[in-house]
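Work through the exercises below with the sequence and the structure open. Each task is followed by a solution in steps.

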Amino acid sequence: MSRFAEVQVKNNQYKIKGDFHELIPNTPIRDADNGHRLMGITNPRMLVHMHSYGGEAVFFESLSQGKLMASRCDNPKCEYKGSIWQPFRIACPDCLRKMTPIDMTDIARKTAKVHTFMVCERSGAFSLLDKPIKFINIEFDGVATILMSYLAVGEPKMGLRVVPIFKKIDPTYTILDLAWVPEGTKADALPFGFSF
Ligand SMILES: [Zn+2]
């Protein structure tokens with residue numbers, strides 16, 4: 001099924017165009033062992049969910065431009081002023097003040113390594129990643145937190161030095177525009193649409 005749904009913000013309002021919900025005919029659920037008596041119905045619905053990014057929009061826009069953004073607390077009164085957080089978050093968990101977006105692409109290229117990992121042979125509904133999925137937890141020098149992402153090429157191991165890759169061709173503007181490969185991976189080994 002193909003559908004068209006487009007949203008723009010104009011004059012500070014959502015302007016929607018296209019198909020945002022579709023009612024699909026329902027069908028009966030019958031008991032094949034007992035004379036096909038009625039047990040219930042299916043209730044199919046298709047809808048387009050509009051997901052606002054708010055203050056996190058800069059993170060997703062930057063992925064499509066090959067940049068990994070983090071946030072840093074610059075509040076002079078914060079006990080942990082200068083802490084860098086990845087994944088990106090809007091407010092400081094320590095002082096609750098709005099943080100400053102910073103570009104940490106270089107920190108990631110030079111210091112990212114696998115903290116731990118898990119390999120999943122199965123995934124949930126709507127997962128777009130190829131199986132097995134090699135989830136990795138990534139640590140960075142000078143960053144307070146660990147990032148969950150996935151290894152797109154090679155096999156994970158603890159301590160493996162990895163570098164970020166970005167889906168700059170046909171970006172999805174989701175976290176799937178970011179993946180990781182072992183340091184030294186050649187550009188022609190990257191998945192379609194991705195580059196360093
Ligand atoms: Zn703070």
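**Exercise 1: a small sheet**

Strand S7 (residues 69-72) and S9 run antiparallel and are joined by four bridges. Helices (H or I, at least four residues) and strands (E, at least two) are DSSP runs, numbered from the N terminus. The model is a predicted one: local features need pLDDT of at least 70, side-chain atom pairs count only at pLDDT 80 or more, and totals for chains, interfaces and linings use all residues. Residues are numbered from 1 along each chain as its sequence is written.

Task: find the bridge partner of Ala70 in S9, then give the order of the strands in the open sheet.

Solution. Step 1: Ala70 has Ile102 as its bridge partner in S9. Step 2: two strands pair if DSSP finds at least two bridges between them. Step 3: the open sheet has three strands in the order S8-S7-S9, with antiparallel pairing. Step 4: strand S8 (84-85) and strand S9 (100-103) are the edge strands, as each pairs on one side only.

**Exercise 2: the partners of S13**

Task: state which strands S13 is joined to by bridges, and how many of its six residues are buried.

Solution. Step 1: S13 pairs with strand S14 (residues 178-182) in the antiparallel sense, over five bridges; in this pair Val162 stands opposite Pro182. Step 2: S13 also runs antiparallel to strand S15 (residues 194-195), with two bridges, and Lys167 stands opposite Phe194 there. Step 3: a residue is buried if 20 or more other C-beta atoms lie within 10 Å of its own, exposed if 12 or fewer, and partly exposed in between, with C-beta atoms placed from the backbone. Step 4: five of the six residues of S13 are buried, so the strand is mostly covered.

**Exercise 3: Leu151**

Task: locate Leu151 and decide whether Leu151 is buried or exposed.

Solution. Step 1: Leu151 lies in the loop between strand S12 (147-150) and strand S13 (162-167). Step 2: 22 other C-beta atoms are within 10 Å, so Leu151 is buried. Step 3: two residues are in contact if their C-beta atoms, placed from the backbone, lie within 7 Å. Step 4: not counting residues up to four places away in sequence, Leu151 touches Lys134, Ile136, Pro156, Val162, Trp180 and Val181.

**Exercise 4: the whole chain**

Task: state what share of the 196 residues counts as buried, and how far the C-alpha trace spans.

Solution. Step 1: 18% of the 196 residues count as buried. Step 2: along its principal axes the C-alpha trace spans about 70 × 45 × 35 Å.
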